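User: Could you take a close look at the empty spaces in this model for me? I would like to know what lines the pockets and the cavity, and what the elements around them are doing.

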Amino acid sequence: MYQINKRPRLALTLGDPAGIGTEVILKALADPEVSQGCDVVVVGSRDLLFQNYENLIKNLTSLANPSELSVIDVPTGGEIITGVGDAASGAASFAYMESAISQTLAGEFDGIVTAPIAKSAWKAAGYNYPGQTELLAEKAGVDRFGMLFVGRSPFTGWTLRAILSTTHIPLRQVADTLTPQLLTQKLDLLVECLERDFGIKNGRIAIAGLNPHSGEMGQLGTEEIDWLIPWIESERCKHPNMQLEGPIPPDTMWVKPGIAWYGNSDIKNPADAYLALYHDQGLIPVKLMAFDRAVNTTIGLPFVRTSPDHGTAFDIAGKGIADATSMKAAINLAVDLVKQKY
């Protein structure tokens, strides 16, 4: 257990400097309930941090002053144009990530909170990674990792947890990519995470089917009959302490969590976690329920990593209207996970 008198130390990357990362960070760190719970070091361009602050403070009052923040200065190599994600902004955000990861691996930080990046800008800068998750895993030297989305309902207090089996790949590749071996890896990570990070040792996990109606006995696809149902049966024997339910038809799996999120936290049998088989199957319902509150946490790393579950929002960058709720949630969850982890 984490030492009571030791505050978690977090690296907070600016993300794509042309997006809303700086704004949501300055808004989040202005909240005493966020800033007083940890020691945060911002990793990014000091000049851009101050430039954005001077622009935003004209119309906003609740912003952290960069002069009062700890900053690891990572200068940008090209001109950054607010609202325009390009090779220069991609190279900058990649450099921020590399700095944060290397120093975290060296023991300087307990975890990393990442502001959003633009995958297209990374590609324009010559970095062909599907996203920050894959870069984190590569630099950390792990091949067992997963994207877990966590959100706490402001209506009922119920906590939604959803993990993706496949992430940033074309939809046409999903069926070929999914295998019992891949799902075993994701499920094992999820079980470990529930037990270690959330204290859930006898929980319930709902597992989605792949096809409409979970294949309807092979009439709408055979993956469920061919291997998914046998795989779930074998995993039930492997994890006798966990209740594994599925394959649940994808269009109905999210009904109970939707009710638990919006209407009644006492609904019978909402699962402790949901295993989605591909990106949109999991993230469409998560973002419908918790777009401004969900947090993406990478599980399987040797350190904590969280990120707000939204993008760079280039269209509103610099306008002072970005919502920092998800960034606050990402920082708070990182603090909780660090304390639970150590």
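Analyst: Here is a walk through the pockets, the cavity, one helix pair and two backbone details. Please keep in mind that this is a predicted model.

Let's begin with the largest pocket, which holds about 490 Å³ of space. Its lining is made up of 20 residues, and the closest to the centre are Arg152, Ala329, Asn332, Leu333 and Asp336. Three elements each supply at least two residues of this lining: α2 (32–35), β5 (146–152) and α12 (325–341). Helix α12 gives the largest share, with 8 residues. By class, the lining of the largest pocket divides into 8 nonpolar, 5 polar and 7 charged residues.

Next comes the second largest pocket, with about 340 Å³ of space. This pocket is also lined by 20 residues, and the closest to its centre are Lys119, His168, Asn296, Asp309 and His310. Two or more residues of the lining come from each of α6 (132–140), β5, α11 (279–290) and β11 (304–308). Strand β5 is thus worth a second glance, since it is listed for the largest pocket and for the second largest pocket. The class make-up of the second lining is 6 nonpolar, 9 polar and 5 charged residues.

Now to the enclosed space. The structure holds 1 cavity of 30 Å³ or more, and the volume of the largest cavity is about 100 Å³. Around the cavity you will find Arg196 and Asp197, then the run Thr297, Thr298, Ile299, Gly300 and Leu301, followed by Phe303, Val304 and Arg305, and finally Leu337 and Lys341. The elements that give two or more residues to this lining are α8 (180–197), β10 (295–299), β11 and α12. Strand β10 provides the largest share, 3 residues. In terms of class, the cavity lining has 5 nonpolar, 3 polar and 4 charged residues. Two of these elements link back to the pockets: α12 also lines the largest pocket, and β11 also lines the second largest pocket.

Helix α11, which contributes to the second largest pocket, is also part of a helix pair. Helix α10 (residues 255–262) packs with α11 at an angle of about 15 degrees, and the axes are 10 Å apart. Because angles under 35 degrees count as roughly parallel, α10 and α11 are roughly parallel to each other. The crossing of α10 past α11 is right-handed. On the α10 side, the contact is made by Pro257, Gly258, Trp261 and Tyr262, while α11 brings Leu288, Met289 and Ala290. These contact residues divide into 6 nonpolar and 1 polar, with no charged residue.

Finally, two backbone details are worth having on screen. Most residues other than glycine have a negative phi, and most peptide bonds are trans. Against that background, the peptide bond from glycine 246 to proline 247 is cis, with omega near 0 degrees. Proline 247 sits in strand β8 (residues 243–248). Histidine 213 is not a glycine, yet it has a positive phi of about 60 degrees. You can look for histidine 213 in the loop between β7 (204–208) and α9 (223–238).

Notes: Residues numbered from 1 in each chain as written. Predicted model: local features only at pLDDT ≥ 70, side-chain atom pairs only at ≥ 80, totals over all residues. Heavy atoms only, no water. 1 Å grid on protein atoms, 1.4 Å probe; cavity = no way out; pocket = protein on both sides within 12 Å on 5 of 7 lines; lining within 4 Å. Points joined across faces, edges and corners; volume = space filled by probe spheres on them. Helix = DSSP H or I, 4+ residues; strand = E, 2+ residues; numbered from the N terminus. Nonpolar A, V, L, I, M, F, W, Y, C, P; charged D, E, K, R; others polar. Axes fitted to C-alpha atoms, helices over the stretch in contact; angles between N-to-C directions. Parallel < 35°, antiparallel > 145°, perpendicular 65-115°, else oblique. Left-handed = near helix turned anticlockwise from the far one by under 90°. Contact = heavy atoms within 4.5 Å.
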